[in-house]
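Q: I am new to this structure and would be grateful for a close look at one part of it, namely the salt bridges. Which side chains take part, and where do they lie?

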Amino acid sequence: MSELKVEHWNNESDGPLNENNMRDKLKSQGYSCTRYTFPPGANFPNHTHSISKKDSIISGQFRFAMFGKEVILQPGDMVVVPAGVVHNASVVGKEPVVFFDATKS
């Protein structure tokens, strides 16, 4: 995979966006989740992870860059981050970002 692909929340199939429904969706895809809250101004410079993961936004806006592309992730947006791929991110605006870091065992 060498493409930044954003998966969007679907109220019809996933129900209303909230933490429980997002956790249930990720769990049904085989992920376990850790919840984080990032304050306004939080910045995550270029880095990699040793395992693949799925970043999922519950609330707030998160600027995310990978594969030479940049997007603003909105509530309900999810993106797969492959192991070893350089990426960076930052919180956009004045609202904290509530975020699930999801990994498969």
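A: The account below considers the salt bridges one group after another. The model is a predicted one, and a search of the whole structure finds seven salt bridges.

It is convenient to begin with Lys53. The side chain of Lys53 meets that of Asp55 in a salt bridge, with an N to O distance of 3.0 Å. Lys53 and Asp55 are both buried. Lys53 also meets the side chain of Asp101 in a salt bridge, here at 3.1 Å from N to O. This second pair links distant parts of the chain: Asp101 belongs to strand 9 (residues 97–103) and Lys53 to strand 4 (residues 53–59), the two being 48 residues apart. Asp101, like Lys53, is buried.

A further salt bridge joins Arg63 to Glu70, whose closest N and O atoms are 3.5 Å apart. The two partners differ in their surroundings. Arg63 has a relative accessible area of 15% and is therefore buried, because buried means under 20%. Glu70 has a relative accessibility of 53%, so it counts as exposed, the cut-off for exposed being over 50%.

Finally, salt bridges also occur as a network, which links Glu7, Asp14, Lys25 and Lys54. As a general background to these contacts, side chains of opposite charge can pair when their charged atoms come close.

Technical notes: Residues are numbered from 1 along each chain as its sequence is written. This is a predicted model: local features need pLDDT of at least 70, side-chain atom pairs count only at pLDDT 80 or more; totals for chains, interfaces and linings use all residues. Side-chain values use heavy atoms; hydrogens and water are left out. A salt bridge is a side-chain nitrogen of Lys or Arg within 4 Å of a carboxyl oxygen of Asp or Glu. Buried means under 20% relative accessible area, exposed over 50%, partly exposed in between (1.4 Å probe, protein chains only). Helices (H or I, at least four residues) and strands (E, at least two) are DSSP runs, numbered from the N terminus.
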